[in-house]
Amino acid sequence: MIIRGVNLPAPPVQGVDRHGPRGKGTEIMDTEYRDLVENQQDLIVQFNLEGRLLFINTAYCDIVGKTREELKNSVFMPVTGERYSDVVATQMTKLFRPPYACIVEQWLPTKKGLRCISWSARSVLGPDNTVVSIVATGRDITPLKNEQKAIRKRDSELMALLESGAQMYYTHTPDHRMVFVSPRIRDMLGCRPGEGKRIWTDYLTDHPMNASGLERTIRAVASGKREPPYRMEMATRDGRKIWVEVNEIPVVKSGKTVAIAGSLTDVTDRMLVEEGLEEAEHLIGDYTGDHQVSEYRAKIAGKQAKRPAGVFKSLFSKSSDEDDNGDASALSPGNVK
C-alpha cells in the first residue's frame with residue numbers, strides 16, 4: 001500500500017506474509033500499519049483496474065456515511081461531473097506510464113454536502129511492471145476552493161471598479177515588458193488574445209513626442225521617483241492613431257525599481273480640440289496682430305461717451321477722424337427727422 005508516495009507492504013494473505021510464515025513480529029507490524037492507516041485524517045482507498053474498491057479506511061467511510069461492507073467492491077468514481085471527465089481521464093493515463101502517479105480533484109457527495117477531494121494516486125506494480133491496482137489518498141480541500149472562489153469574486157469586483165473609470169491601468173517591468181494590461185487597453189489597441197503582454201514600446205508611433213515620454217519612463221526606472229504626466233501617440237492594430245495621457249509611478253523594493261505601474265487616458269478627442277484652438281489662435285493672430293487688437297480695444301474705450309449709433313458706426317469705419325465727422329453729419333439737426 002502507498003501513502004503519499006510511501007510504499008507500504010501489501011496486507012498478508014491467509015496467515016502467510018510475503019517473507020514466510022507469520023510470527024509475532026509480523027502481527028505487531030500489521031497492527032502498527034493498521035493504526036497508521038485507520039487514524040489518518042486523509043482518505044485512503046485502493047481499487048482495481050475495473051475501478052472497484054478493494055480497501056477503504058475509516059476516514060473515507062465517515063465522510064461518505066457508509067460502512068466498509070457497503071463500500072467494498074463498489075465502483076470508485078473519481079469524478080462526479082461530466083465537465084471534469086476529460087481532465088480526469090487525461091490525468092489518470094499517467095498511472096500507466098512512469099512515474100505511475102497523478103493528482104485529480106473530485107467533487108464528492110458527502111453527509112456535509114458536496115466536498116472537493118484532491119486525490120493523490122499511485123499505481124501498485126506487479127513483477128513485470130504491469131499495473132495491478134491503484135492506491136489513492138484524498139484530502140478535503142473544500143475550504144481552499146471556497147477561498148479561491150471568494151478571491152476570484154473580489155478580483156472580478158475590483159476589475160469592474162477599475163474598468164468603470166476613464167483611466168485604464170497597466171504594469172510593466174523595468175525593461176518595458178507588460179505584466180498586467182487592462183482589458184480596455186487591449187480593446188483600445190485591438191490586441192488579439194495574448195498580444196497585450198508584449199513590450200509596450202511596440203505600440204508607439206514615430207511621433208517626436210514619444211521620445212520625451214520614453215525618457216521620462218527611463219528616468220523613473222533609474223531614480224525610483226515619479227515623473228510628471230506626459231502624452232504619447234500609439235498605433236492600433238487596424239492602423240488608427242490614438243493619443244493617450246500617461247501617469248506612471250515606479251514600484252520600488254529594497255531601493256530598486258522592480259516595476260512601473262501606470263494608467264492611460266484616451267485624450268485623442270481632446271488633442272483634436274486643442275489643436276483646433278491653437279490653429280484658430282494662430283490664424284486670428286496673423287489676421288489682426290497685437291497692435292491692431294490694441295487699437296481696436298482703444299477705439300471701443302474712446303467711443304463709450306457717444307450715442308449708440310455713433311459707437312457702432314465708428315467701430316466699422318476706416319479711421320478715427322472719419323468716424324467723428326461721419327457721426328456729426330449723420331446726427332445733425334438737419335438730418336434728424
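Start by colouring the chain by pLDDT: among its elements, strand E1 (residues 2-3) has the lowest mean value, 39, and strand E9 (residues 131-140) the highest, 94. This is a predicted model, after all. Over the whole chain the mean pLDDT is 77, with 72% of residues at 70 or more.

Now pick out two stretches to treat with care. Select residues 1-20: pLDDT stays below 50 here, though the model gives this stretch 40 contacts beyond near neighbours in sequence. Then jump to residues 303-313, again below 50, with 13 such contacts. Where pLDDT is low, don't read the predicted coordinates in detail.

Next, the sheet. Show strands E10 to E14 and you'll find an open, five-stranded sheet, paired antiparallel, in the order E11-E10-E14-E13-E12. Which strands stand at the edges? Highlight E11 (178-181) and E12 (230-235): each has a single partner strand, so one side of each has no neighbour in the sheet. Tilt the view to look at the twist, which averages 30 degrees from one strand to the next.

Zoom in on one pairing. Strand E10 (residues 168-172) and strand E14 (residues 256-266) run antiparallel and are joined by five bridges. Want a residue to click on? Try histidine 172, with isoleucine 260 of E14 standing opposite.

Last stop: add helix H7, residues 209-223. What does helix H7 lie across? Turn on E10, E12, E13 (241-253) and E14, and you'll see H7 lying across these strands. Against E12, the helix runs at about 115 degrees.

Conventions. Residues are numbered from 1 along each chain as its sequence is written. This is a predicted model: local features need pLDDT of at least 70, side-chain atom pairs count only at pLDDT 80 or more; totals for chains, interfaces and linings use all residues. Side-chain values use heavy atoms; hydrogens and water are left out. Two strands pair if DSSP finds at least two bridges between them. Helices (H or I, at least four residues) and strands (E, at least two) are DSSP runs, numbered from the N terminus. Axes are lines fitted to C-alpha atoms, for helices over the stretch in contact, and angles run from 0 to 180 degrees between N-to-C directions. Contact means heavy atoms within 4.5 Å. pLDDT is the predictor's confidence in each residue, from 0 to 100.
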